[in-house]
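This report looks at a few local features of one protein chain. Please keep the sequence and the model in view while reading.

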Amino acid sequence: METMDDKNMKIAEDLMSFIEKSPSPFHVVSNMEKMLESDGFTALDERRRFNLEKGRSYFIDRNGTALIAFRVPESGFDSFSIVSAHTDSPSFKIKPDPEVTSSGLYTTLNVEGYGGMLMAPWFDRPLSIAGRVIVRCGNGLEARLLDFDEDLVGIVNLAIHQNRKANEGIAYKVQKELLPIFAEGVEKGRFVSLVAERLAVDPEQIVDCDLFLYNRMKGSFWGLGKRFFSSPKIDDLGCAYTALRAIVGMETGRTFPLVALFDNEETGSGTRQGALSDFLRTTLDRIFFSLSFDEELRYMTIASSFMMSADNGHALHPNYPETTDIVNKPRMNGGVLLKYSANQKYTTDADSGSLVRTLCRENGIPLQVFVNNSDIVGGSTLGNLSAQKVGLRTADVGMAQLAMHSPYETAGSDDPGYLLSLFRAFLSR
């Protein structure tokens, strides 16, 4: 008989498999769209009129990296149940004309940091490149996904013999220490030629690209009893994947379920596909318009709605317990995090937190509280930003993890399952 631990382990395995197939936000959204289409969701185009039907399910993507999916209830509804998360993770983006020659011996690639990352773990591990390439086809332009899916480049450390102070701490400079080695020799044009070869086009057809480095190490379970797992991009694909999986195959309740997955959270969300954009607000407006809601009913529905802003938080690190709050000490496998911040880095208050607590209690989902150590400034997330565009009651939730913003992060094997259970209970209310 399958136990809850077995079910949770399977969900964590599925998450790691999804992450492995999704090396860039473009691939994240493409793979999620395939999941939605297989469940009968219909794609909408923001440039076309929305003609929504009750009982049908729909999704919209913006820029190939942000996604909103929803199910229109068969009967009437008086509120939305929304889960938001983000599709991006810290990485290195390849600059235009990237080939850099060194001493007539090697070619490296010119990169810049995307988001606030732990830089040291990027050294001495297999890396590849993935993202989007714009190709000229006939008289038009076409966006194509690219994943080299091989150990292609490496960011290599300087030997201890040549830097005796290496273990005393280094202030890394991306422009010097973190350019990945790509090839022997200094012949120009090989990178663009390789991109063109993989896409089966001529180099002259390549117009522009958004390409990122990614860690090739596969996810793995480890520790006594396999209670932990490590993988790239647990922040925030652990939340984005479980949110989307929750809306797939569900039955609607008395509220209108919607999942909003934004891009560029790691750089402040200030893009047309970020949480500070109009993506969620205009989608809600167009749902109301298509379903013939008048303006007063629209305002009433928004006032009755609720959003869970889903992004991970820090588990207590056994080697650095002093960095955690002195009372609230989240642990991996301890259950869903409910996140609070007096300075509104997180949106949870007693009102919104009570709904999350009630859902967890009623559905047997373990819950723990996350607050930052009062002397350590924490990061912000989606809820307080999207609230500037749509004023919803919001609570911040997530998983407890370690090594956040490393290219290889760690979390508890049970926690994706707990998060999925919460999202299913919330969206199907």
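At what angle do the axes of helix 6 and helix 7 cross? In this predicted model, the axes of helix 6 (residues 279–290) and helix 7 (residues 295–304) cross at roughly 130 degrees and come within 11 Å. Angles over 145 degrees count as roughly antiparallel and those from 65 to 115 as roughly perpendicular, with the rest called oblique. Helix 6 and helix 7 are therefore oblique to each other. The crossing in which helix 6 passes helix 7 is right-handed.

Which residues meet there? From helix 6 come Leu284, Asp285 and Phe288, and from helix 7 come Arg298, Thr301 and Ile302. Sorted by class, the residues of this contact are three nonpolar, one polar and two charged.

## A second helix pair

Helix 8 (residues 350–362) and helix 10 (residues 415–427) also pack, with axes 10 Å apart and an angle of about 105 degrees. Helix 8 is therefore roughly perpendicular to helix 10. On the side of helix 8, the residues in contact are Leu355, Val356, Leu359 and Cys360, and these meet Leu422, Ala425 and Phe426 in helix 10. The contact of helix 8 with helix 10 holds seven nonpolar residues, with no polar and no charged ones.

Leu422 also appears in the surroundings of Val336. Val336 is located in strand 16 (residues 336–339). Is Val336 buried or exposed? Its relative accessible area is 2%, so Val336 is buried. Setting aside neighbours within four places in sequence, Val336 is in contact with Ile365, Pro366, Leu367, Gln368, Val397, Gly398, Tyr418, Leu419 and Leu422. Asp208, in contrast, is 128 residues from Val336 along the chain, and the C-alpha atoms of these two residues are separated by 41 Å.

## Aromatic rings

How many aromatic pairs does a search of the whole structure find? The search finds 17 aromatic pairs. A pair of aromatic rings is described by the distance of the centres and the angle of the planes. For Tyr114 and Phe212, the ring centres are 5.7 Å apart and the planes stand at 80 degrees, so this pair is edge-to-face. Tyr114 belongs to strand 6 (residues 106–114) and Phe212 to strand 10 (residues 206–215); the two are 98 residues apart, so the pair links distant parts of the chain. Tyr114 is buried, at a relative accessible area of 12%, and Phe212 counts as buried at 12% as well.

Another pair is formed by Phe221 and Phe229, whose ring centres are 6.3 Å apart and whose planes are at 55 degrees, so the pair is tilted. Both of these residues, Phe221 and Phe229, are buried.

Ring pairs also join residues into a cluster made up of Tyr58, Phe70, Phe77, Phe80, Phe256, Phe288 and Phe293. Phe288 was named above among the residues of helix 6 that meet helix 7.

## Backbone details and accessibility

Some backbone angles deserve a note. A cis peptide bond, with omega about 10 degrees, joins Asp235 and Asp236. Asp236 lies in helix 5 (residues 234–247).

Two residues other than glycine with a positive phi are listed below.

| Residue | Phi | Place | Relative accessible area |
|---|---|---|---|
| Asp97 | about 45 degrees | strand 5 (residues 91–102) | 65% |
| Lys226 | near 55 degrees | loop between strand 11 (220–222) and strand 12 (228–231) | 45% |

How do these values translate into words? Exposed means over 50% relative accessible area, buried means under 20%, and partly exposed lies in between. Asp97, at 65%, therefore counts as exposed, whereas Lys226, at 45%, is partly exposed.

A further residue can be sorted by the cut-offs used for Asp97 and Lys226. Where is Glu204 found? Glu204 sits in the loop between helix 4 (190–199) and strand 10. With a relative accessible area of 63%, Glu204 is exposed. Glu204 and Ser193 are 11 residues apart in sequence, and their C-alpha atoms are 9.3 Å apart in space.

Notes: Residues are numbered from 1 along each chain as its sequence is written. This is a predicted model: local features need pLDDT of at least 70, side-chain atom pairs count only at pLDDT 80 or more; totals for chains, interfaces and linings use all residues. Side-chain values use heavy atoms; hydrogens and water are left out. Axes are lines fitted to C-alpha atoms, for helices over the stretch in contact, and angles run from 0 to 180 degrees between N-to-C directions. Helices (H or I, at least four residues) and strands (E, at least two) are DSSP runs, numbered from the N terminus. Angles under 35 degrees count as roughly parallel, over 145 as roughly antiparallel, 65 to 115 as roughly perpendicular and the rest as oblique. A crossing is left-handed if the near helix is turned anticlockwise from the far one by less than a right angle, and right-handed if clockwise. Contact means heavy atoms within 4.5 Å. Ala, Val, Leu, Ile, Met, Phe, Trp, Tyr, Cys and Pro count as nonpolar, Asp, Glu, Lys and Arg as charged, and the others, Gly among them, as polar. Rings of Phe, Tyr and Trp (its six-membered ring) pair if their centres lie within 6.5 Å; planes under 30 degrees apart count as stacked, over 60 as edge-to-face and the rest as tilted. Buried means under 20% relative accessible area, exposed over 50%, partly exposed in between (1.4 Å probe, protein chains only).
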